[in-house]
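Here is a structure to explore together. Keep the sequence beside the 3D view, and follow along one place at a time.

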Amino acid sequence: METQQHIAILGSGNIGLALAKGLVKAGIFAPEQITLTRRNVAALSALADEGYNVTADNAGAVTRADIVVLAILPQQLNKLLDEIKPAANQTKHLLISVVSGVSCQDIRTQLGLDIQVIRAMPNTAIAIGQSMTCIATDNASAANVSLVLSLFDTVGVSIQINEELMTSATALCACGIAFFLRSIRAASQGGTEIGFHAHDALRMAAQTAKGAADLLLQLASHPEQEIDKVTSPKGCTIAGLNEMEHNGFSSAMIKGIKVSAEKAGALYKTE
Ligand SMILES: NC(=O)C1=CN([C@@H]2O[C@H](COP(=O)(O)OP(=O)(O)OC[C@H]3O[C@@H](n4cnc5c(N)ncnc54)[C@H](OP(=O)(O)O)[C@@H]3O)[C@@H](O)[C@H]2O)C=CC1
Ligand SMILES: O=C(O)[C@@H]1CCC=N1
């Protein structure tokens with residue numbers, strides 16, 4: 001799905017850069033077709049050496065682009081939208097926002113333009129083509145939705161959801177990367193306590209987690225069905241699992257995801 005279009009990523013921090021790298025790795029865009037912006041542009045010098053256009057001039061980046069990605073913090077968004085307002089063109093530009101907690105309508109209202117906006121909620125695994133990305137819009141054409149879905153399909157798996165579920169998607173999928181990473185880290189710490197060097201324990205825990213996820217994805221199986229195959233009667237798996245549940249393992253994950261979703265929904269309005 002190679003394209004001749006130019007993409008501007010406004011706010012090239014963790015997720016903005018992960019997106020840029022993922023798109024280049026997937027062969028969709030060459031670095032020369034991507035403009036990266038941030039205020040501290042010196043921090044992008046290594047990317048400039050790789051061929052990306054880098055600048056602190058957001059309005060200039062928008063003028064050159066067909067697709068504009070907003071990838072800055074919710075509390076930084078209004079200032080950025082005011083800055084790009086003169087350069088944004090509702091017939092030329094497609095806006096993609098990965099900003100948490102900000103609706104498509106919030107963006108149009110701040111811009112004062114009836115521009116097509118698609119929200120995307122990827123996660124940092126986008127850098128290696130393994131993102132779970134949720135897409136939502138309230139006004140974009142079916143053609144642009146397909147374009148954005150196919151764009152994000154090149155860097156993982158993408159689905160379209162209702163916009164009111166975007167904060168839930170943020171908690172489950174974007175924050176979720178951190179939740180699963182912490183689980184793997186905790187497993188590796190347990191592994192070290194029972195005899196493995198830290199680096200071996202981490203590798204073993206990560207591969208085990210990958211195998212568990214693939215059992216569900218490749219076999220379209222349910223976790224409990226796969227758990228039942230591991231838990232031998234009177235065995236050590238059920239002993240460990242029950243101990244974890246007595247200590248609130250599932251409950252902690254559920255409560256954490258609920259708090260994350262509440263926070264994601266309030267990020268823009270409370271700033
Ligand atoms: N991190 C993640 O996993 C995910 C994040 N998101 C969302 O993406 C957004 C960005 O998050 P994240 O990447 O973690 O945050 P970062 O702080 O890492 O990135 C934000 C970037 O924006 C730049 N920036 C700030 N103001 C401006 C401006 N006026 N013009 C241009 N660039 C600017 C900052 O650089 P400088 O200070 O140099 O300007 C910084 O590099 C947030 O809204 C977040 O909710 C969504 C999905 C996943
Ligand atoms: O922590 C955050 O607020 C952002 C949103 C999703 C992932 N990181």
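## A walk through the model

Leaving aside residues up to four places away in sequence, Gln33 touches Gln5, His6 and Ile7; two residues are in contact if their C-beta atoms, placed from the backbone, lie within 7 Å. This is a predicted model, in which local features need pLDDT of at least 70, side-chain atom pairs count only at pLDDT 80 or more, and totals for chains, interfaces and linings use all residues. Residues are numbered from 1 along each chain as its sequence is written, while chains are lettered from A and ligands numbered from 1 in the order in which they are written.

Stay with Gln33 for a moment. You can find Gln33 in the loop between H1 and strand E2 (34–37); helices (H or I, at least four residues) and strands (E, at least two) are DSSP runs, numbered from the N terminus. Is Gln33 buried or exposed? Gln33 is buried, because 21 other C-beta atoms lie within 10 Å. Here, buried calls for 20 or more other C-beta atoms within 10 Å of a residue's own, exposed for 12 or fewer, and partly exposed is in between, with C-beta atoms placed from the backbone. Tyr52 is 19 residues apart from Gln33 along the chain, and their C-alpha atoms are separated by 7.3 Å.

Now turn to the ligands. A residue is near a molecule if its C-beta atom, placed from the backbone, lies within 6 Å of it. Around ligand 1 there are 27 residues, and the closest are Gly11, Gly13, Arg39, Asn40 and Ser100. Helix H1 (14–25) and helix H4 (74–84) are the elements that give two or more residues to this shell, and H4 gives the most, with four residues. Ligand 2 is surrounded by Ser100, Thr170, Ala174 and Cys175.

The table sorts both shells by class: Ala, Val, Leu, Ile, Met, Phe, Trp, Tyr, Cys and Pro count as nonpolar, Asp, Glu, Lys and Arg as charged, and the others, Gly among them, as polar.

| Shell | Nonpolar | Polar | Charged |
|---|---|---|---|
| Ligand 1 | twelve residues | twelve residues | three residues |
| Ligand 2 | two residues | two residues | no residues |

Finally, look at the whole chain. Its domain assignment gives domain 1 (7–166) and domain 2 (176–266), with bounds from an automatic or database domain assignment. The C-alpha centres of domain 1 and domain 2 lie 32 Å apart. Their contact takes five residues from domain 1 and five residues from domain 2.
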